[in-house]
Amino acid sequence: MRALSAHPAAADRHTPPTPPAPSLPLPGGTRLSGVATMVGSGLSNQTGAAIGSLAFPVLGPVGVVAVRQYVAAIVLVAVGRPRPRTFTRRQWWPVLLLALVLGTMNLSLYTAVDRVGLGLAVTLEFLGPLGIALAASRRRADVCCAAVAVAGVVTLMRPRPSADFLGMGLALLAACCWAAYILLNRTVGRRIPGAGGPAAAAAISALVFLPVGLAVVVRHPPTPAAVGYAVAAGVLSSAVPCLADLFTLRRVAAPAFGLFMSVNPVLAGLVGWLVLGQGLGWPEWAGIGAVVAANALSIRVSRT
């Protein structure tokens, strides 16, 4: 968050421009900070999803998503302090689309997690950013890295007798939303200073989920533990990643961001094992190893 406020685009519109710093950071340092931010964002996101799933027996996926949207809106509005009255039409349309994508992505993913588990749901969701990497890449090395990552994904989602195709379909819907989120968040970050754009999108999404949350509370009275899990999911899986991704997408190209985000199945497998007790066999770890290798090779090629 501090990095966002220090960025030139986050300055107040009515504040006179400040003189440039005596020296600019080296490209290597900028790249390293972008990679660190992406890893932290993914770890926070998967931990929040795992914690939020603990509230499913009481609130259900819809109730958890509603609380998550409320928390994200409160945090992001407090940090971003959006000024919707100053938004132009050119700024409004990506904000509205981002609000729609946020709600749809969270609801479809959490419902998929409830049906097929955290690891498989996140692995299928990863196809969204991977699709961006494949569509926008201009280097053979990136295509090869993406192909290795796809092999890992195929291993992780191999057919099983108890396959839940509805859950898989919802995870694929989340994948489409994640791809749209990457592109829209980048557009919003370019057109609106600071975190005002994502904050406005989160607020709009929370307003849409307000009647949904009220209906869930009436039908299924929440327990303090369930509310705590849902609030933690809102902070870790919405507020933190949204701000981190806004910071990253201003420093990292969308194709590189999409390809590096393939680390999320790895994080989901580890978090699912540690938090939810969802063990993994050797085929799953082989798929995870392929994903890690693809990312390591991509980063190495980018540096050279």
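Which residues in α4 meet which residues in α5? In this model, which is a predicted one, Met105, Leu109, Ala112, Val113 and Val116 are the residues on the α4 side, and they meet Leu118, Leu120, Ala121 and Glu125 in α5. If we sort the residues of that contact by character, we find 8 nonpolar, no polar and 1 charged. As for the geometry, the axes of α4 and α5, the latter being the helix of residues 118-125, come within 7 Å and cross at roughly 140°, so the two helices are oblique to each other, and their crossing is right-handed.

Let me stay with α5 for a moment and turn to its other partner on my list, helix α12, which covers residues 263-275. Here the axes come within 8 Å and cross at roughly 170°, and that angle makes α5 roughly antiparallel to α12. On the α5 side the contact is made by Leu118, Gly119, Val122 and Thr123, and on the α12 side by Asn264, Pro265, Ala268, Val271 and Gly272. The residues of this contact divide into 5 nonpolar, 4 polar and no charged. Leu118, then, is a residue that you will find in the contact with α4 and again in the contact with α12.

The next pair is α3, residues 56-80, with α9, residues 196-219, whose axes come within 7 Å and cross at roughly 145°, with a left-handed crossing. From α3 the contact takes in Leu59, Val62, Gly63, Val65, Ala66, Gln69, Tyr70, Ala72, Ala73, Leu76, Val77 and Gly80, while the residues they meet in α9 include Gly196, Pro198, Ala199, Ala202, Phe209, Leu210 and Val216. This contact divides into 18 nonpolar residues, 6 polar and no charged.

Finally, I would like to look at the cavity. How many cavities of 30 Å³ or more does the count come to? The count comes to 1, and the volume of the largest cavity is about 290 Å³. There are 23 residues in its lining, of which Arg68, Met105, Tyr181, Ser237 and Pro241 are the closest to its centre. The elements that give two or more residues to that lining are α2 (27-53), α3, α4 (89-116), α8 (165-191) and α10 (224-249), and the largest share, 5 residues, comes from α10. By character, the lining residues divide into 11 nonpolar, 9 polar and 3 charged.

That brings us back to the opening question, since Met105, which meets α5 from α4, is also one of the residues closest to the centre of the largest cavity. In the same way α3, whose contact with α9 I described, is among the elements that give two or more residues to the cavity lining.

How values were computed: Residues are numbered from 1 along each chain as its sequence is written. This is a predicted model: local features need pLDDT of at least 70, side-chain atom pairs count only at pLDDT 80 or more; totals for chains, interfaces and linings use all residues. Side-chain values use heavy atoms; hydrogens and water are left out. Axes are lines fitted to C-alpha atoms, for helices over the stretch in contact, and angles run from 0 to 180 degrees between N-to-C directions. Helices (H or I, at least four residues) and strands (E, at least two) are DSSP runs, numbered from the N terminus. A crossing is left-handed if the near helix is turned anticlockwise from the far one by less than a right angle, and right-handed if clockwise. Contact means heavy atoms within 4.5 Å. Ala, Val, Leu, Ile, Met, Phe, Trp, Tyr, Cys and Pro count as nonpolar, Asp, Glu, Lys and Arg as charged, and the others, Gly among them, as polar. On a 1 Å grid over the protein atoms alone, a cavity is a set of points where a 1.4 Å probe fits but cannot get out, and a pocket is an open set with protein on both sides within 12 Å along at least five of seven lines; lining residues have an atom within 4 Å of a point. Grid points are joined across faces, edges and corners, and a volume is the space filled by probe spheres set on the points. Angles under 35 degrees count as roughly parallel, over 145 as roughly antiparallel, 65 to 115 as roughly perpendicular and the rest as oblique.
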